[in-house]
Structures are given as structure tokens and as C-alpha cells.
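Welcome! Here are some short exercises, each with a worked solution. Try each task on the structure before you read on.

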Amino acid sequence: MGNGRVAIIGVGFYGFRPSTPEVSFQGMMFESSHRAYAEADVDPRKDIDVFVDCQEDMWEGIAITDEFAPEPIGGALRPTFTVSGDGLLGVAHAYMLIRSGLANVVAVESHGKPSEIKTLQDIYYFAMDPLHIRPLSTGNPFFIAGLDAQAYMSRTGARREHLAMVAVKNRNNGLRNDRAPYSSRISLDEVLSSPYAVYPMTRYEMAGFSDASVTVVLASEDVAKKFTDKVVWLDGVGYSTEVGSGSIEWHQWGRMPSMRNAALMAYKLAGLSDPQKDVSFAEVEDRFSFMELLSAEELMLSPEGEAHKMLEAGEFDFDGRLPLNPSGGSLAMGVSLEATGLARFLEAVLQLRGEAGAHQLKEARRAVVASWRGVPTYTSAVAVLSSDVEG
């Protein structure tokens with residue numbers, strides 16, 4: 001592939017609150033996009049070659065929802081397409097468009113407005129196999145995550161306390177972040193003494209939902225320099241779907257092969273040979289507490305089955321050797337449906353620019369961002385970002 005490196009030249013967001021009654025989802029899309037274009041100093045009608053929007057009919061409650069995509073993001077009568085998946089998958093499409101030389105500037109938007117979905121749990125159920133899984137009717141579709149958590153603990157030797165430690169770390173990290181409505185100063189005892197929401201996790205170990213829209217502008221290396229010198233590099237990106245995705249009969253319990261495969265792809269493109277040593281921090285999947293530990297392992301940021309030991313040793317803490325989710329992650333910021341991966345991406349970009357504010361890390365040179373689309377899918381995306389300037 002040619003066209004040089006891929007640069008992130010602008011980011012914008014709106015929301016990150018449990019409810020945004022003052023605006024429609026189209027309004028959120030407009031606000032985040034307007035802010036991203038202003039920051040990148042681009043005119044969407046002239047400078048952006050392709051627009052990518054990540055959304056799903058089931059979440060929106062609208063058939064052919066991609067017809068609502070172009071206008072709010074400035075893509076009317078311009079090359080615009082949608083991706084039914086997490087926002088980080090949209091970034092992968094933008095990366096390919098730029099590296100292949102088909103486009104010089106690409107905008108990617110993703111959003112979620114779960115506050116307006118009256119039957120959220122039913123949508124999760126509807127995504128499950130109708131003959132074998134849906135009839136189990138456990139009362140909570142997240143029971144699948146509970147099974148995965150138990151399998152992970154059995155395989156690695158991680159204990160309930162380790163899952164609770166993730167919740168304590170991330171919800172406390174979020175206290176530094178204005179975009180983290182679910183942050184709280186909780187203790188390990190509070191988490192462990194709470195009733196189970198989905199065994200073996202309490203409500204503290206399961207992320208709430210948040211309305212948000214995120215837009216990012218990416219450009220080829222040469223073109224990026226025409227707009228700004230405030231650049232973060234997208235060195236590599238990968239994505240993968242586990243065979244039999246959505247059919248829990250085929251899932252490898254306590255593992256996430258899609259995330260490892262996506263990481264291997266991203267690391268190869270980025271020339272990253274030793275992620276444990278070469279990564280400054282990571283923003284990873286944590287909508288369930290055990291997923292942060294599993295993500296660390298599948299991303300090869302920890303030795304096989306030892307993520308919980310690194311957590312216990314403080315290596316993943318805000319001031320640790322390899323901070324995980326210094327933003328607070330989804331446990332503090334909430335799950336924004338298809339915008340969840342872009343939320344992690346946004347936080348990594350701000351860190352690498354040195355613009356994360358109160359939760360800015362002292363050393364931020366290279367980051368790994370990872371997302372999982374959530375129950376009951378097994379699709380993951382991973383990106384490697386870097387900065388020429390120390391955070």
C-alpha cells in the first residue's frame with residue numbers, strides 16, 4: 001500500500017451522558033462532526049473525500065437508517081457509506097481508503113442514543129439464535145458474559161477480587177474525566193459486598209449506557225500537513241470476527257480469538273513487535289470487568305493468563321507501568337453502542353496530544369485501542385496510535 005502514513009487530524013464529540021433529551025441522534029451527529037471539522041480546519045463540502053458512518057437499524061429503530069447518515073455529517077451528495085458495526089471498524093475502512101490511495105481525507109462518525117430505546121434488552125435477545133439460545137429466557141441476555149467471565153477465571157486462576165479491582169480502578173480513574181458520568185469513588189469491599197447482577201459480576205462491574213456521538217477526521221500524511229501540525233498517527237488497524245460469531249455453541253469460552261487476530265493484524269501493519277514494552281498505555285474493552293483482563297491477554301499486553309497478576313501488582317493503574325483505561329473506560333464513561341470503540345479512540349488521541357486534561361498521563365507516546373461489539377457478537381477491532389511529541 002502507498003500514500004504514506006495515516007494521520008488523525010481532528011476529533012469531535014457530543015454527549016457522554018446517560019440521557020440527552022435536548023437533541024436527536026441526528027443533532028448529536030451534527031455537533032460532533034461540526035466540532036471535528038472545525039478542529040481539523042477542513043471544509044466537509046470541499047476537503048473530505050469520503051464519509052463513513054457506523055450505525056445499526058436495530059439500535060436506531062429505523063429501517064434503512066443509513067439514509068439518515070449523509071446530511072448531519074456533511075456528506076449529502078458526496079461519497080458516503082455506512083458500516084453496521086463499532087466505530088473502530090469505520091476507522092479501519094478509512095485507513096484502507098487512505099493507504100490504498102483512493103482517498104486523501106476521510107471522516108468517520110459513530111453514535112449511540114440508548115436512552116431512547118425502550119426495549120434495549122429485547123434487542124440483545126433478538127440478536128441471539130432464535131431456536132436454541134433465545135428460548136433460555138434467563139431474564140438478562142448478559143448471562144453470556146457471565147459464562148465467559150467464569151470460564152476466564154477458571155482458565156487463568158483469576159478470582160472474584162480481580163474482577164472487582166478492575167471496577168474500582170476504572171470508576172475511580174473516571175473521576176478525573178469530564179466524559180465519565182458513571183465514575184465513583186468506590187472501594188473493593190463495596191463492590192464485593194454488592195449483590196450479583198449477572199454472576200459472577202455485580203452492577204459495579206457492568207457498564208451503564210451513555211448517549212454519545214464521536215467524529216474523527218483522518219488524512220494521508222502529505223495532505224495532513226496542509227491542514228494542521230497537530231497530528232496523531234494511526235500506525236495500524238485490524239479487525240476480526242470469530243467463526244460462528246453470534247452462536248455461543250461455537251464460542252471459545254473465556255477467550256476472545258477475534259481480538260487476538262485483530263491485534264496481530266494491527267501490530268504487523270504498525271511494526272509493533274513487543275507490545276508489552278513498546279506501548280505506553282491502552283484503552284481497551286471493559287463493558288464487563290473481566291473483559292479488561294481478557295483484552296490485556298488477547299492483545300498480548302500481558303503474558304498468557306497473567307493479566308490478573310499484573311493488575312494486582314498495580315501495573316495497570318493510572319500511574320502504573322502500563323495504564324489500562326486511564327479515561328475510566330466504559331465502566332466510567334458508559335457504553336454508547338456503536339460509538340463505544342470511537343470513545344476509546346478519542347481518549348487515546350487526546351492522551352497522545354497531551355490534551356487529556358486532569359487524566360493526562362506523564363508518558364504517552366504509543367497506544368493500543370481495542371473494542372468488542374458486545375454480546376452476543378464476537379467481532380473485535382484494534383488500532384495502534386502514536387505521537388511524535390511526548391504527552
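**Exercise 1: two helices that meet**

The axes of helix α9 (residues 257-270) and helix α11 (residues 289-298) come within 9 Å and cross at roughly 40° in this predicted model. Your task: decide whether α9 is parallel or oblique to α11, and find which residues of α9 and α11 meet.

Solution, step by step:

1. Begin with the angle of roughly 40° between the two axes. Angles under 35 degrees would count as roughly parallel, and 65 to 115 as roughly perpendicular, so α9 is oblique to α11.
2. Next comes the handedness: α9 and α11 make a right-handed crossing.
3. Now look at the residues in contact. From α9 come Pro257, Met259, Arg260 and Ala263, and they meet Met291, Ser295, Glu297 and Glu298 of α11.
4. Sort these contact residues by character: four are nonpolar, one is polar and three are charged.

**Exercise 2: the largest pocket**

Your task: work out what volume the largest pocket has, and which helix gives the most to its lining.

Solution, step by step:

1. The volume of the largest pocket is about 270 Å³.
2. The pocket is lined by 18 residues, and Glu56, Trp59, Ala127, Arg373 and Thr377 are the closest to its centre.
3. Turn to the helices. Both α2 (57-60) and α4 (120-126) supply at least two residues of the lining, and α4 gives the most, with three residues.
4. Finally, sort the lining by character: eleven residues are nonpolar, two are polar and five are charged.

Methods:
Residues numbered from 1 in each chain as written. Predicted model: local features only at pLDDT ≥ 70, side-chain atom pairs only at ≥ 80, totals over all residues. Heavy atoms only, no water. Axes fitted to C-alpha atoms, helices over the stretch in contact; angles between N-to-C directions. Helix = DSSP H or I, 4+ residues; strand = E, 2+ residues; numbered from the N terminus. Parallel < 35°, antiparallel > 145°, perpendicular 65-115°, else oblique. Left-handed = near helix turned anticlockwise from the far one by under 90°. Contact = heavy atoms within 4.5 Å. Nonpolar A, V, L, I, M, F, W, Y, C, P; charged D, E, K, R; others polar. 1 Å grid on protein atoms, 1.4 Å probe; cavity = no way out; pocket = protein on both sides within 12 Å on 5 of 7 lines; lining within 4 Å. Points joined across faces, edges and corners; volume = space filled by probe spheres on them.
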